[in-house]
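Visitor: I would like to go through this structure step by step, with the criteria behind each statement. Please begin once it is on display.

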Amino acid sequence: MKKNFLLVSLLTTVMVVIVFSCSSNDDYQDVPDLESPVVLDLAQVPYATLSEYKFFEGDIKNQEPSLGVLPYEPISSLFTDYALKKRFVWMPKNTKATYSSDGEILDFPTGSVLIKNFYYDNVQPGNGRRIIETRLLVKKESGWIFAEYVWNADQTEASLQMEGSYTPVSWKDEAGITQNVNYRIPSEVECLICHKSLQTAIPIGPKPQNLNSLYTFKEGSKNQLSKWIEMGYLDASIPSNIATVVNYKDASKPLDLRVRSYIDINCAHCHQQNSHCDYRPMRFAFSESSNPVNMGICVPPDENINDIMSFIVTPNNIERSVLHFRMNTTDEALRMPIVGRSVIHKEGVELIEQWIETLNPCN
């Protein structure tokens with residue numbers, strides 16, 4: 001009798017392990033007894049360490065998402081001193097985001113967490129991976145809050161640090177050339193410069209226009225918005241004809257769309273109503289940038305940096321274009337974006353140069 005009891009107990013344990021380990025994120029909302037291991041007490045967050053949330057399984061540096069933690073990737077990515085990024089989203093069970101418009105942030109439920117890891121590969125001298133920081137946006141009842149976690153040298157833990165700091169990074173790029181940067185880990189105040197509407201913290205990236213693309217999940221390739229719906233993280237009542245950005249790195253796409261997509265993800269969050277640079281004339285959101293005036297074409301600058309610069313964008317003349325000048329400098333008083341980069345994004349500057357040279361002269 002005792003042997004039979006032990007056998008049944010063992011089989012039950014094995015079955016539970018199998019069910020849990022074989023369950024995909026698609027099952028998360030559908031199986032009543034299946035719970036995510038993520039720990040999120042809105043009265044206690046932000047926690048002192050990243051591991052306390054249990055967003056990742058096993059060795060935390062491997063970034064293997066726990067059940068209910070869904071990876072995602074915007075079509076075009078914000079430039080941050082050539083750092084690579086891994087992004088995830090988590091929501092409490094039986095909650096979901098809703099659609100507002102193609103170019104607006106999804107309306108996330110209370111308890112949602114957006115997770116963004118910044119790292120470099122081929123870091124010297126060991127030629128390995130180094131995760132620098134993990135930024136969280138957590139939606140409380142009162143709104144979104146920031147939580148900034150800085151990784152230790154052993155890559156075993158990341159600790160809450162909101163005051164901002166620098167860390168030197170040396171890595172080899174795709175061409176095998178060693179690059180160096182004094183990477184800036186932002187303070188809470190710096191986070192708010194970009195992530196705000198009035199003085200309220202908001203996300204930037206997870207908009208339908210940025211997520212309407214294929215992504216290779218563990219279960220296979222699928223449209224990200226469809227995956228979110230299957231996962232139970234997004235209400236199904238979204239339009240089928242979303243005006244979608246393109247990957248600005250994709251040279252097969254029209255140059256105009258590549259530029260507008262680049263400007264949207266790198267600049268639009270500040271150059272919009274109620275944001276940090278709303279006093280300037282440009283409106284860089286993808287939904288607005290088909291208007292040449294909003295892109296600054298033949299528009300006089302509101303600040304005289306140099307008499308030679310006639311317009312924000314001067315057709316066929318990069319030297320007389322303020323947009324190009326601000327992107328092509330590291331001077332903290334003049335560069336754009338204001339925060340988030342300390343080196344010049346050469347590929348981004350080249351893209352803008354190509355575009356300016358194709359524009360028709362001002363009337």
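Visitor: In β8, which residue is the bridge partner of W151?

Guide: This is a predicted model, in which local features need pLDDT of at least 70 and side-chain atom pairs count only at pLDDT 80 or more, while totals for chains, interfaces and linings use all residues. Residues are numbered from 1 along each chain as its sequence is written, and side-chain values use heavy atoms, with hydrogens and water left out. Helices (H or I, at least four residues) and strands (E, at least two) are DSSP runs numbered from the N terminus. β7 and strand β8 (residues 158–160) pair in the antiparallel sense over three bridges, where pairing requires that DSSP finds at least two bridges between two strands; in β8, the partner of W151 is A158.

Visitor: Which residue in the turn between β7 and β8 has a positive phi?

Guide: β7 and β8 form a hairpin, with six residues between them. The residue in this turn with a positive phi, of about 60 degrees, is Q155.

Visitor: How many bridges join β6 to β7?

Guide: A hairpin connects β6 to β7 through two residues. One bridge pairs K139 with W144 in β7. The two strands run antiparallel, and the number of bridges joining them is eight.

Visitor: How many of the nine residues of β7 are buried?

Guide: Buried means under 20% relative accessible area, exposed means over 50%, and partly exposed lies in between (1.4 Å probe, protein chains only). Strand β7 spans residues 143–151 and is mostly covered. Of its nine residues, the number buried is eight.

Visitor: Is E133 buried or exposed?

Guide: E133 lies in strand β6, residues 128–140. Contact means heavy atoms within 4.5 Å, and beyond its neighbours within four places in sequence E133 is in contact with ten residues' worth of surroundings that include K116, F118, Y149, W151 and R184. Because its relative accessibility is 0%, E133 counts as buried.

Visitor: Which side chain joins that of E133 in a polar contact of 2.4 Å?

Guide: A polar contact is a pair of N or O atoms within 3.5 Å; within protein, one must be able to donate a hydrogen and the other to accept it, and residues adjacent in sequence count only if both atoms are side-chain atoms. The side chain of E133 makes one such contact with the side chain of R135, at 2.9 Å. The contact of 2.4 Å is with the side chain of Y183.

Visitor: Over the face of which residue does R184 lie?

Guide: A charge sits over a ring if NZ of Lys or CZ of Arg is within 6 Å of the ring centre and within 35 degrees of the ring normal. K227 lies over the face of F217, at 5.1 Å from the ring centre. For R184, at 4.7 Å from the ring centre, the residue is Y166.

Visitor: What is the handedness of the disulfide of C298 and C362?

Guide: A disulfide is counted when two cysteine sulfur atoms are within 2.5 Å, and C298 and C362 have an S to S distance of 1.8 Å. The pair links distant parts of the chain, 64 residues apart, with C298 in the loop between α5 (255–267) and α6 (322–327) and C362 in the segment after α7 (346–356). Since the torsion about the S-S bond is about -95 degrees, the disulfide is left-handed.
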